[in-house]
Amino acid sequence: MKKPNYIVMLLLGCSVLLIIKPGFCQQAPGDLQYDRKDADPEKLETFPPSIFQHWIHRVRYRCDACHDTLFKMKLGVTPISHDLMDKGKLCSACHNGQIAFDAGFKNCNRCHVTEEK
Ligand code: HEC
Ligand code: HEC
Ligand code: HEC
């Protein structure tokens, strides 16, 4: 008798779960460095775009804390501005000084840093 092919079964199982719940079998990517194409390059050197590290957030949150309610699963697709963040949206759903540090002047460079190589 032929042995069941566990790898095929696993892949099939994973595909079924993916249809029910997209992202289920996916690992969160690591550090995401935002890009600000329209900004003055000189300014960007002293004040880089924000970083977002999945691994720091994954310690506390599951994917569905952010996807797709707050953010799409594609870097740069969700329009992010401090006007929206000031209204408690996007990052500031948590970065409001209560759940996590706020987006005030003490903390600019906790998010606006360049990825360490
Ligand atoms: C919780 C993380 C976080 C903190 C803290 C933060 N920012 Fe941002 N900021 C972002 C993200 C994310 C974006 C969108 C990606 C980008 O353009 O860097 C952004 C965008 C910006 C932009 C371009 C878009 C816009 O709304 O004007 C500027 C300028 C900016 N931040 C300045 C600041 C300054 C100044 C501070 C401190 C007072 C600050 N940021 C603090 C996350 C943060
Ligand atoms: C605390 C919030 C948060 C959590 C939790 C989170 N993500 Fe994300 N994820 C983001 C943000 C922010 C982006 C960038 C979205 C944008 O710029 O529009 C992103 C982007 C992504 C991207 C696209 C990366 C790229 O380079 O385009 C993938 C894939 C992704 N996340 C998968 C996951 C998975 C899988 C999990 C759970 C294991 C997860 N994320 C958990 C906030 C989160
Ligand atoms: C679901 C809640 C949640 C959302 C949404 C969220 N964060 Fe966070 N973030 C946290 C928590 C909690 C911490 C760790 C606690 C702390 O340091 O205050 C953290 C830590 C961080 C850190 C680590 C900074 C350091 O100095 O250790 C950065 C950078 C960061 N977040 C950026 C972002 C950016 C940028 C966004 C939006 C694109 C975002 N976060 C969205 C909850 C969130």
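**Exercises on the ligand shells of a predicted model**

Of the 22 residues around ligand 2, those that come nearest are A28, C63, C66, L75 and T78. The model is predicted, and the exercises below treat its three shells and its confidence.

**Exercise 1.** Determine which element gives the largest share of the shell around ligand 2, and how that shell divides by class.

Solution. Start with the elements: α3 contributes three residues, the largest share. Then sort the shell by class: 12 residues are nonpolar, seven polar and three charged.

**Exercise 2.** Describe the shell around ligand 3: its closest residues, its elements and its classes.

Solution. First list the neighbours: 21 residues surround ligand 3, and C91, C94, A100, F101 and R110 are the closest. Next assign elements: at least two residues of this shell come from each of β2 (51-53), α3 (54-58) and α5. The largest share, three residues, belongs to β2. Last, count classes: the shell around ligand 3 holds 15 nonpolar, four polar and two charged residues.

**Exercise 3.** Carry out the same steps for ligand 1.

Solution. Ligand 1 is surrounded by 17 residues, with P49, S50, S81, C108 and C111 the closest. Helix α5 (residues 108-111) supplies the largest share of this shell, three residues. By class, the shell around ligand 1 has eight nonpolar, seven polar and two charged residues.

**Exercise 4.** Find where in the protein confidence is lowest and where it is highest.

Solution. Begin with the whole protein: the average pLDDT is 88, and 90% of the residues score at least 70. Then go to the extremes: helix α1 (residues 6-20) is lowest, at a mean of 72, while helix α4 (residues 82-86) is highest, at 97. Where pLDDT is low, predicted coordinates should not be read in detail.

How values were computed. Residues are numbered from 1 along each chain as its sequence is written. Chains are lettered from A and ligands numbered from 1 in the order in which they are written. This is a predicted model: local features need pLDDT of at least 70, side-chain atom pairs count only at pLDDT 80 or more; totals for chains, interfaces and linings use all residues. A residue is near a molecule or strand if its C-beta atom, placed from the backbone, lies within 6 Å of it. Helices (H or I, at least four residues) and strands (E, at least two) are DSSP runs, numbered from the N terminus. Ala, Val, Leu, Ile, Met, Phe, Trp, Tyr, Cys and Pro count as nonpolar, Asp, Glu, Lys and Arg as charged, and the others, Gly among them, as polar. pLDDT is the predictor's confidence in each residue, from 0 to 100.
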